[in-house]
Each structure stands twice: as structure tokens, then as C-alpha cells.
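This report goes through a protein model one region at a time. Please keep the sequence and the 3D view open while reading.

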Amino acid sequence: MQSIAPESVFRGSNAWEKALPQVTNLTRSPLILGRSINTINLRNKIFNDLKNQNLEVNTANLQFDCCYEDISRIKNIILKNNSDSVIAAGGGKVLDSGKYIAECLNIPCITVPLSASTCAGWTALSNIYTKNGQFLKDVALGSCPKILVYDHEFIQKAPSRTLASGIADALAKWYESSITSSKIDDGLVQQAIQISRVLRDQLLIDGEKAFNSQFKNNPSWRNTVEACGLTAGLVGGIGGEKCRTAAAHAIHNAITQIITPNKFLHGEIVGVGLLLQLRLEEMKNNNKLADQSIKQLFKLMKELNLPTTIAQLGINVFENNNLEKIADFTCQDNSDIHFLPFEIHKQDIVEVVTHFEQQKIKI
Ligand SMILES: [Zn+2]
């Protein structure tokens, strides 16, 4: 069984208002799950709108991350209050936790992404981290959310950094799925890869303009936020588990193992992983196009103010055995890096990262 999409998707301006009748039909006592203090006004609006419909509404916040500590604490809150649904309103960590908790308790999940940083509002997948933000594993869920509310008015209030991060994560879909899955003899997987190519092109055309006009609702901005939050999810839904991630996410997972004082967003780390993946393709698989792709992506990433080296993520790879740790984790037996169509060993990662951190990319 493949879960391709949420049962209902409300999108555009005032999507939340349009979704409200269906939400109130589905649930009588929802729990609103959030995290960031920056989105408290939006969560209060959701709370008040539901209260005005005479619903019994409770709230809870993640304390750390999408981690087992928060998950079990919030499960207990839901059981105590007898909540009959989870409304996850926030970024990827909140959406992933909400989906996971709802599935464990066999109640519906409604996702309300409050930024374009992720396609987690769409997918039947949760990434689990430690409370310090170290990646542990991804969990395939039984179904996509029941209702996805992608309200542009909400998303417009998010910092532009979240949009840049979402662009980097969505760009990775094409570069990862095309190299891991192009030989899979399954029409839907091939079509998912083609959608991810169109998605990349859209982001190359509109991404920078959208970023620079974050607070103006124009066609470039709308195309970009929907590409990051909806189309990227659709690619995952159609492609399913065969449409795999590869080195960019494997390197992301490894980088999160090193705890740093400043937290970086998922897509910001994936973006660096993507540049490294392309360097691996060039150095280990003799891919002559990879260098052009690096230059093209590097230029866009600079314009979006995204980090382009591990050093810019606050990690010196030449200290504290960090390079060794990243190479070890990237090459674990169950790592997605092994979906690349050529063999990768620890030494390859050490070599490519060393070269990468010392290089000056010219565009
Ligand atoms: Zn991702």
C-alpha cells in the first residue's frame, strides 16, 4: 500500500478559513501541537477559531525536537485530555512529531505548515532525532495526513531563511532520485523523478525572486512555496520508498551527529550535502556534468544566503575527529549513501570533504 497524498489539501490565501468546516467535522477535541515562540500568534488564531466552533481545544509544545522524549510526553497529554486528533502547526519537526504521535494513537493528523521549509506537511514519513537534534532514523507511516492546510498568509509570516532552506531541500529531490532510481523499471517512479526535475527548474527560475520578495505575495513566491511544501511531497508520495534519497541526506544525517551551539535548519544542511554529493559524483564516478551543477547551485545558494561549506554550519571538520565522525556515520551499513550506483568507502568521504572544505568555488 502506497500513501500518495493527504486526503484533502487546502491551499492559497485563507486556506485555513476554507478548511475550518472540514476540520470541525473531523474532530471535536483536537490537540494543537507547536514549538516556536515566533509562531505563537498563528497558533493562538488557530486555537481561537476552533474554540469559536465550540470545540474542546488543548495545546502542547515540543520542548526539544522530533524525539522520543517529546513524543511520549505529548502522547500522555493527549491520552489525559482525551483528544481525538492532532493539529500539527509549525515547521518540519512539529509536523513530523504530530504525524508520528497521531499514528501511534490511531487518531487523525491535520498538518498546518507555518513555513515553506519542508514538505513534511504532505508526506507519510517522520524523521526521528535525539533531543539534541542528532538524526536517529526515518519512520514510514501508514498514511499521509488526513488534511493538509497550506495557508499562504501563514507561510508569508515565516522568516526568509526558512524559504531558502525549503528550496535547498526540494532541489535535492532531483539530484538524489535521478541518480539512485533512474534504472528502476516502474512508471510511477520514473514519473516522480521527472516531476522532481520540473520542480528543480521551477526553483532555478523563481527561487531567488521568491526569496527577495518573501513578504510580497507574487507568482514567483507562490510557485516557490508550493514547490517546496506541496510538489516536493507529491514526488515522495508517487515515488514511494523506491524514489530514494542518497548522499545529500546521508551527509545531512552525519553532520547532525556533531552538536553545535547554533542550530541549522534541515534544508540548510542538506544543501551542503548536495554540493558534496555532486563532488563525489565527479571524483568517484567521473561525472563531467557534476561540476557545472555545483557552479549553478552554488550561485543560487549564495543568492539565498545559504551555507555552502560544513565550516559555515559551525563545524570545523579538521578538529575533534569531526571528519572521521562524519565519514563513519555517512558510511554506516544502513546509510542511504549506499543507494548511489557506485561504491563509497569512508576514505572517499574523508578525501572529498577535505578537498571540498579547502576549495574556493569560482562561478
Ligand atoms: Zn529533506
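The text below covers a metal site, two threonines, a hairpin, some cysteines and two asparagines.

The model is predicted.

**The zinc site**

The zinc ion takes its protein donors from D169, H249 and H266. D169 appears twice in the donor list, each time through an OD atom, while H249 and H266 each give NE2. These donors lie 2.1 to 2.8 Å from the ion. The angles among the four donor atoms run from 50 to 144°, and the site is irregular. A site with four donors counts as tetrahedral only if all angles lie between 85 and 135 degrees, so this site does not meet that rule. Along the chain the spacing of the donor residues is D-x79-H-x16-H. H249 belongs to helix α9 (residues 247-255) and H266 to helix α10 (residues 266-285), so the two histidines tie together parts that are 17 residues apart in sequence. H249 is buried, at 14% relative accessible area.

**Two buried threonines**

T224 is part of helix α8 (residues 219-239). Its relative accessibility is 0%, and T224 therefore counts as buried. What does the side chain of T224 reach at 3.5 Å? The partner is the backbone oxygen of D206. A polar atom of the T224 side chain also lies 2.7 Å from the backbone oxygen of S220. Residues up to four places away in sequence aside, T224 touches L163, I167, L203, D206, G207 and A210. D206 thus appears both among these contacts and as the residue whose backbone oxygen the side chain of T224 reaches. Between T224 and L265 there are 18 Å from C-alpha to C-alpha, and the two are 41 residues apart in sequence.

T330 lies in helix α12 (residues 322-330) and counts as buried, with 0% relative accessibility. A polar atom of its side chain is 2.6 Å from the backbone oxygen of I326. Beyond four places in sequence, T330 is in contact with A250, I251, A254, S335, I337 and I349. A250, I251 and A254 are among these contacts, and helix α9 spans residues 247-255.

**A hairpin**

Strand β6 (residues 125-129) and strand β7 (residues 135-140) pair in the antiparallel sense, over five bridges. Within this pairing, S126 stands opposite V139 of β7. Five residues lie between the strands of the hairpin, and G133 takes a positive phi near 90° there.

**Cysteines**

How many disulfides does the model contain? The count is zero. A disulfide is a covalent bond between the sulfur atoms of two cysteines. For C66, the nearest cysteine sulfur is that of C67, 7.4 Å away. For C104, the nearest is that of C66, at 10 Å. A disulfide needs the two sulfur atoms within 2.5 Å, so neither C66 nor C104 is in one. C66 is buried, at 0% relative accessibility, whereas C104 is partly exposed, at 38%.

**Two asparagines with positive phi**

Most residues other than glycine have a negative phi. The table lists two residues with a positive value.

| Residue | Phi | Place | Relative accessible area |
|---|---|---|---|
| N14 | near 60° | loop between β1 (8-12) and α1 (15-26) | 41%, partly exposed |
| N305 | about 60° | loop between α11 (290-303) and α12 | 65%, exposed |

N14 is partly exposed, and N305 is exposed. Each sits in a loop: N14 between β1 and α1, N305 between α11 and α12.

Technical notes:
Residues are numbered from 1 along each chain as its sequence is written. This is a predicted model: local features need pLDDT of at least 70, side-chain atom pairs count only at pLDDT 80 or more; totals for chains, interfaces and linings use all residues. Side-chain values use heavy atoms; hydrogens and water are left out. Two strands pair if DSSP finds at least two bridges between them. Helices (H or I, at least four residues) and strands (E, at least two) are DSSP runs, numbered from the N terminus. Donors are N, O and S atoms within 2.8 Å of the metal (3.2 Å for Na, K and Ca); water is not among the atoms, so sites may look incomplete. Four donors count as tetrahedral if all angles lie between 85 and 135 degrees; four count as square planar and six as octahedral if opposite donors are over 155 degrees apart and all others between 65 and 115; anything else is irregular. Buried means under 20% relative accessible area, exposed over 50%, partly exposed in between (1.4 Å probe, protein chains only). Contact means heavy atoms within 4.5 Å. A polar contact is a pair of N or O atoms within 3.5 Å; within protein, one must be able to donate a hydrogen and the other to accept it, and residues adjacent in sequence count only if both atoms are side-chain atoms.
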